[in-house]
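Please open the structure in your viewer and keep the selection tool ready. The tour goes stop by stop, with a selection at each.

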Amino acid sequence: MPPPKDVVKIAIQMVGAIPQLIELQQTKPLASVLKDVCDAWSLPNAERYALQYADGRQTYITESNRRDIKNGSILRLTTSPDQEAERLYIGIQSKNVDVKTDSLKKLASLSQDVTFAQEFISRNGLKQIYSIVEEGNDTGEMLAHTLKAFTELMEHDFVSWENLSTVFIKKIVSYVTMNAVDASIQQLSLSILENMVPTSRVFFEVVRKEVTLDRLLTHLQATNAQLQLKAMALLIALLLSATDAERREMMETLREKNIRQFIHKNIIHSSEPLGDEMAHYLYVLQSVSLNLCEHRMKMSMDPYSQEQRDLLQSLRQAAFESEGEVPAGTFSTERRRSLCAKEFRKLGFVNNSNPAEDLRRAPPGLLALDNMVYFSRNTPNAYSRFVLENSSREDKHECPFARSSIQLTLILCKILHIGEPCSETAQAFYPMFFGQDHFFEELFCICIQLVNKTWKEMRATQEDFNKVMQVVREQITRTLSLKPTSLELFKTRVNALNYSEILKLRQTERLHQEETLAVPVLELREKLKPELLELIRQQRLLHLCEGTLFRKISSRRRQDKLWYCRLSPNHKVLHYGDVEEGVQSPPIESLPEKIPVADMKMLLVGKECPHTKEKSSGKQNKDVLELAFSIVHDVEEYCLNFIAPTRYEFCLWTDGLNVLLGKEMTSERTQTDLDVLLSMELKLRLLDLENISIPDEPPPIPKPPSNLNFCYDFSHSEQ
């Protein structure tokens with residue numbers, strides 16, 4: 001007979017004593033449980049003791065978290081959090097260096113626990129930590145433990161970062177700017193500054209002034225991967241907290257320092273694999289840089305701006321005026337206007353008498369003009385060839401340069417998500433972005449020549465303009481999905497993907513679709529589905545057994561600590577626990593926490609999850625909502641909360657958990673995988689029917705014959 005729901009069987013250890021095996025009554029007050037445990041070991045003053053997990057993070061047991069205790073858990077009787085906080089509060093003020101160092105080391109470890117942290121902070125413990133940092137000159141082990149303890153205590157959000165003094169901040173800044181400081185101290189200092197910058201404009205200005213970009217770049221070029229990561233984290237925090245003008249200035253400084261080339265060579269193409277966190281920071285850096293174009297993208301052309309009119313005229317002059325031509329002054333005003341209008345028409349402006357009207361639409365606004373001017377100035381031969389080549393074609397077949405440039409700029413803005421806020425979890429960046437200054441303009445130069453090439457391949461007329469631009473968009477997106485490492489490689493691949501190749505790809509996809517819509521094929525699909533769905537279920541469970549590394553995301557930081565979760569090989573228990581950075585696949589025995597599958601009640605996703613509801617007061621990021629899911633277990637109040645690293649992981653985990661709960665797999669990945677498997681299976685089954693049309697209706701069954709006399713009668717023996 002299974003034990004009652006409110007009773008868990010656990011072991012309790014104490015140094016120098018025989019462990020106790022007890023049945024913990026969850027309805028019984030924790031103080032009474034402690035009294036019974038202490039009485040069994042003849043210990044007075046039970047109020048001075050507390051229970052704590054023996055493994056893992058060694059969290060203190062409280063009334064609020066006691067329901068997390070599972071059957072078979074091992075607890076330890078230890079000093080209560082208030083007693084321990086008092087002891088360490090006194091210890092860190094000791095004049096004895098060894099006692100002080102040991103106390104700070106213990107403090108750094110225990111501060112991860114929310115109950116202890118609350119007790120320590122309530123004794124004004126943070127003030128003592130401030131004093132150690134502000135007044136001390138030590139840069140060794142003691143300081144490392146102090147900064148670690150400070151970081152852990154601040155993680156609990158009991159105290160606002162805005163309470164920090166200027167002296168404390170400048171001291172932390174000095175550890176970043178000094179050379180003769182241990183790398184671990186610099187990592188912790190960079191992490192503290194990263195947390196501090198978004199909380200206050202004053203802090204941002206202090207850090208930006210004191211920690212120069214040159215100093216950050218020095219850390220970014222360090223061989224220590226963790227130091228490099230923390231430096232990048234602070235750089236991103238500064239960029240995201242800056243105003244548009246400050247951000248533009250900072251990005252210009254980074255460009256002058258050749259930061260892109262360094263990242264391209266030493267980080268992206270490093271011998272070490274790129275971690276998820278660094279991939280996210282590179283994505284943010286790319287996004288921030290591209291979003292500098294947003295201002296021009298949203299600005300319409302002002303026909304009264306002399307500067308903008310000069311840019312427009314420079315396009316005409318670069319294409320049609322040369323030294324040998326008659327000066328414009330020899331023509332009358334009317335004649336000059338007529339000539340300009342004719343030339344603007346050849347350039348492909350729709351409103352050739354007032355080309356500024358074509359650039360009034362925003363987006364792409366002035367960004368399209370900037371791209372055209374860049375193309376004309378940096379690749380003058382290609383620009384002249386484009387314009388003059390189309391000027392000599394018949395009117396209907398000429399490719400309009402200006403109209404194409406405006407539409408192409410809009411397409412590139414949409415593909416590259418210019419003007420959209422940065423995601424908190426995305427890691428998708430283009431390696432070629434970091435291999436080239438003026439990336440957007442250079443990409444435009446390649447793509448506008450692609451427009452002309454595709455226009456000729458399609459033998460297009462003005463009526464086909466939208467069709468051509470759709471093909472160009474498809475060429476660009478298909479090539480970008482291959483993640484080319486340089487613009488040269490992008491140029492080679494996108495030009496190889498000509499119109500005939502696009503037609504072949506479209507035809508293949510269309511034929512495949514038509515093939516799979518025949519009635520007999522649809523019937524075969526339905527027959528194959530159950531078997532293939534079972535295959536997908538097995539794959540999902542296998543993925544859960546391999547496990548995944550998840551990140552905890554706090555309200556202040558995008559990413560916090562790491563934890564790992566995996567399903568036991570017999571599919572009966574989910575094991576999970578905190579892990580250190582760099583651990584890829586920890587053994588199941590090293591994960592102390594567990595949830596029996598039998599205790600799982602339901603799966604919550606997105607806005608239904610408790611950890612997304614907690615953050616609903618702030619600005620909720622759409623991407624986090626799309627990656628959040630929770631397992632409700634035991635009773636509804638207790639959930640294990642996840643934020644998947646990618647949408648792919650989200651789909652596999654939610655599918656796998658639904659399988660364990662005996663429910664249907666509902667993710668979009670299930671349908672994608674099912675379509676792929678069905679497609680492969682159908683192709684194998686229909687190989688013998690290649691080039692044979694499959695009728696919609698099965699052939700009619702012939703009527704039975706009037707008699708069966710044509711059958712040989714074996715009953716008569718041959719004579």
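What follows is a walk through a sheet, some helices and several charged pairs. Keep in mind that this is a predicted model.

**Stop 1: the sheet**

Select strands 9, 10 and 11. They form an open sheet in the order 9-10-11, with antiparallel pairing. Strand 9 (600–605) and strand 11 (639–643) stand at the edges. Each has a single partner strand, so one side of each has no neighbour in the sheet. From one strand to the next, the twist averages 15°. Strands of a sheet pair through backbone hydrogen bonds, either parallel or antiparallel.

Now look at the pairing in detail. Strand 9 and strand 10 run antiparallel and are joined by five bridges. Pick Met-600: its bridge partner in strand 10 is His-633. Strand 10 (residues 628–633) is also joined to strand 11 by five bridges, again antiparallel. Pick Ser-630, whose bridge partner in strand 11 is Asn-641. Then pick Phe-629, which has Phe-642 as its bridge partner in strand 11.

**Stop 2: strand 10 on its own**

Keep strand 10 and show its side chains. How many of its six residues are buried? Six of the six are, and strand 10 is mostly covered. In a regular strand the side chains alternate between the two faces of the sheet. Here, Ala-628, Ser-630 and Val-632 point one way. Phe-629, Ile-631 and His-633 point the other way. Both sets are buried.

**Stop 3: helix 28 and a link to helix 25**

Add helix 28 (residues 647–660). Helix 28 lies across strand 9, strand 10 and strand 11. Against strand 9, helix 28 runs at about 155°.

Next, select Arg-540 and Asp-655. Their side chains meet in a salt bridge, 3.0 Å from N to O. The pair links distant parts of the chain: Arg-540 sits in helix 25 (residues 519–546) and Asp-655 in helix 28, 115 residues apart. Are these two residues buried or exposed? Both Arg-540 and Asp-655 are buried.

**Stop 4: helix 25 against helix 29**

Stay on helix 25 and add helix 29 (residues 668–685). Their axes come within 9 Å and cross at roughly 125°. Helix 25 and helix 29 are therefore oblique to each other. The crossing of helix 25 and helix 29 is right-handed. Show the contact residues next. On helix 25 they include Leu-524, Leu-528, Leu-532, Ile-536 and Arg-540. On helix 29 they include Asp-673, Leu-674, Leu-677, Leu-678 and Glu-681. Arg-540 thus appears in this contact as well as in the salt bridge with Asp-655.

**Stop 5: helix 10**

Move to helix 10 (residues 213–220). Helix 10 is mostly covered, with six of its eight residues buried. Which ones are buried? They are Leu-213, Arg-215, Leu-216, Leu-217, His-219 and Leu-220. To see their surroundings, select helix 7 (166–177), helix 8 (183–196), helix 11 (225–241), helix 12 (244–256) and helix 13 (259–268). The buried residues of helix 10 pack against these helices.

**Stop 6: charged pairs**

Side chains of opposite charge can pair when their charged atoms come close. A search of the whole structure finds 34 salt bridges. Here are some to pick out.

- Select Glu-389 and Lys-456. They form a salt bridge, the closest N and O atoms being 3.1 Å apart. Glu-389 lies in helix 19 (residues 380–391) and Lys-456 in helix 21 (residues 439–458), so the pair ties together parts that are 67 residues apart in sequence. Glu-389 is partly exposed at 25% relative accessibility. Lys-456 is partly exposed too, with a relative accessible area of 42%.
- Select Arg-478 and Glu-474. Their side chains meet in a salt bridge of 3.0 Å, N to O. Both residues lie in helix 22 (residues 465–480), four residues apart, about one turn of the helix. An α-helix has 3.6 residues a turn, so residues three or four places apart point the same way. Arg-478 counts as partly exposed at 25% relative accessibility, whereas Glu-474 counts as buried at 16%.
- Select Arg-201, Glu-205, Arg-208, Glu-246 and Glu-249. Salt bridges link these residues in a network.

Key: Residues numbered from 1 in each chain as written. Predicted model: local features only at pLDDT ≥ 70, side-chain atom pairs only at ≥ 80, totals over all residues. Heavy atoms only, no water. Salt bridge = Lys/Arg side-chain N within 4 Å of Asp/Glu carboxyl O. Helix = DSSP H or I, 4+ residues; strand = E, 2+ residues; numbered from the N terminus. Buried < 20%, exposed > 50% of the residue type's maximum accessible area, 1.4 Å probe, protein only. Pairing = 2+ DSSP bridges. Axes fitted to C-alpha atoms, helices over the stretch in contact; angles between N-to-C directions. Contact = heavy atoms within 4.5 Å. Parallel < 35°, antiparallel > 145°, perpendicular 65-115°, else oblique. Left-handed = near helix turned anticlockwise from the far one by under 90°.
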